[in-house]
Amino acid sequence: MSKQDGSDRQTTGIDVDDSTATMLHIDMDAFFASVELLDHPELAHLPVIVGHRSGRSVVTAANYVARKYGVNSAMPMAIALRRCPAAVVLEPHMSRYAEVSRQVMGIFSDMTPMVEPLSIDEAFLDVAGARLLHGSPAEIAQKIRARVFAETGLTCSVGAASTKFVAKLASGRAKPDGLLVIPADDTIGFLHPLPVGALWGVGATTEQALLALGLRHVRDIAHASRETLERAAGVAGAQKLHDLSWGIDHRSINLEREEKSIGHEVTFEHDVTDVARLRSELLRQSDAVAAKLRGNGLVARTVVLKLRYADFSTVTRSRTLADPTNVGRRIYEEVAASFDVLAARGIRVRLIGVRAEQLGTGDGSGLGLWDDDDDWREAELAVDTVTARFGRGIVRPASQLGGGSAPKRDVHPFGTPDAGPARRPDRHQS
């Protein structure tokens, strides 16, 4: 919809009626890059990219000067530097971003308790109940923007509307450092001229399908037949597209957002073909995912393998367990089984990752008469205890010490024999 460099920026005039626009979407402007520039103000007028300066890294963030050269987040660093050779590359500092994010979210919470963080740098706020204390939605938005700048030195953009969907579109249109209010009566006039790609959930494939049917703007979707929309997006997708094209979005603020997945991945400096090394990396990531699950009192029913090849094509393979788990060894065995099918073809891997999905609460112990992973669980809980006291990396599986393949199933990763032969749980692939 709106360009990332802010060239089609749109903001609100002083005479707009904001009484119905009580849903705010607040998005920090070029957050990571802007935080870095707090420590390097002399670079503010130059193109700045946040990321690691290596051939295999990707752009974490870019300031608006760099974006005018076509540099965007998630772009390979090599391409970004070809587009903007004069760019200054700064290393990312995630702990610093998290610290500033907590400060910003605290400002939001001071204005209303109805805050739903979406990520480290954006949130929805319902300010309907804050008007008596803080003024109209537009006044509240301006107060928040002023406080954020005064207390952090950063700018943010705010969209105000009667629904989440339109508020998020408006904040993107207002970037950088702007406010755009869309009253309920103006929703259709705002939405219908936009390209179909502006609608939430319309990715590249769906967009191409819509364009192929002659649907180029949101108004075309609004007036299209249900059969036409189903040809592009299926039955459920057609209903969603129709509703959004008329500004229908019944979602309210969610104060109890649950983490949908936990994962780890790594991009290699050079393509990796060594299967033993890749399996060792899978074991390391599986242990890390499991440790985070246990640390949050969660278990996962589905585990996902992600591979990106040298040509940038990406595949994922998921496996669903009969019983949810937070045991690293179980997660590893599932992703390794998926990996073995793909590795048999001969591969050059650029990125590899492990993700746990379908999360729920629990300690991971089985519900049956016996638990095949009990010994592994005890060992990993022991590692958690050591880690809490001495830090991560003190105790590691033997395979990670020498770069070899993962330990065999009948040898405990910390030297304790298994109680008996392994019995794999029933599962299906999805």
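Author: Helices (H or I, at least four residues) and strands (E, at least two) are DSSP runs here, numbered from the N terminus. This is a predicted model, where local features need pLDDT of at least 70, side-chain atom pairs count only at pLDDT 80 or more, and totals for chains, interfaces and linings use all residues. Residues are numbered from 1 along each chain as its sequence is written, and side-chain values use heavy atoms, leaving out hydrogens and water.

Reader: OK, where is Pro176 found?

Author: Pro176 follows Lys175, and the peptide bond from Lys175 to Pro176 is cis, with omega near -10°. As for its place in the fold, look past helix 7 (164-174): Pro176 is found in the loop between helix 7 and strand 8.

Reader: How many helices and strands does the protein have?

Author: Start with the chain itself: of its 430 residues, 46% count as buried (under 20% relative accessible area; exposed is over 50%, partly exposed in between, with a 1.4 Å probe and protein chains only). The secondary structure comes to 15 helices and 13 strands.

Reader: What share of the contacts between residues at least 6 apart in sequence join residues at least 24 apart?

Author: A contact means heavy atoms within 4.5 Å. Count the pairs at least 6 apart in sequence, and the share that joins residues at least 24 apart is 68%.

Reader: Which element gives the most to the largest nonpolar core?

Author: A nonpolar core is a set of buried Ala, Val, Leu, Ile, Met, Phe, Trp, Tyr and Cys residues joined through side-chain atoms within 4.5 Å. The largest one has 35 residues, and Leu24, Phe108 and Val148 are among those with the most contacts inside it. Elements giving it two or more residues include strand 1 (23-28), helix 1 (31-38), helix 4 (94-111) and helix 6 (137-152). With seven residues, the one that gives the most is helix 4.

Reader: And Val148, which residues does it touch beyond four places away in sequence?

Author: Val148 is one of the residues with the most contacts inside the largest core. Leaving out residues up to four places away, Val148 touches Met28, Val104, Ile107, Phe108, Gly153, Leu154 and Cys156.

Reader: How many residues are in the second, separate core?

Author: Leu180, Val196, Val202 and Leu241 are included in that second core. In total, its residues number 29.

Reader: Why is helix 1 largely enclosed by the rest of the structure?

Author: Phe31, Phe32, Ala33, Val35, Glu36 and Leu37 are buried in helix 1. These residues pack against strand 1, strand 2 (48-50), strand 3 (61-62), strand 4 (88-90) and helix 4. Helix 1 is largely enclosed because its buried residues come to six of eight.

Reader: Ala30 has a positive phi, so to speak an oddity; is Ala30 buried or exposed?

Author: Ala30 sits in the loop between strand 1 and helix 1. Its phi is near 45°, positive in a residue other than glycine. With a relative accessible area of 6%, Ala30 is buried.

Reader: What about Ala74, buried or exposed?

Author: Ala74 also isn't a glycine, and its positive phi is about 75°. You'll find Ala74 in the loop between helix 2 (64-67) and helix 3. At 58% relative accessibility, Ala74 counts as exposed.

Reader: How far apart in space are Ile79 and Val59, C-alpha to C-alpha?

Author: Ile79 lies in helix 3 (residues 77-83), and at 30% relative accessibility it counts as partly exposed. Ile79 and Val59 are 20 residues apart in sequence, while their C-alpha to C-alpha distance is 9.5 Å.

Reader: Last one: which residues is Thr228 in contact with, leaving aside neighbours within four places?

Author: Look in helix 11 (residues 226-245), where Thr228 is found. Setting aside those neighbours, Thr228 is in contact with Leu213 and Leu215.
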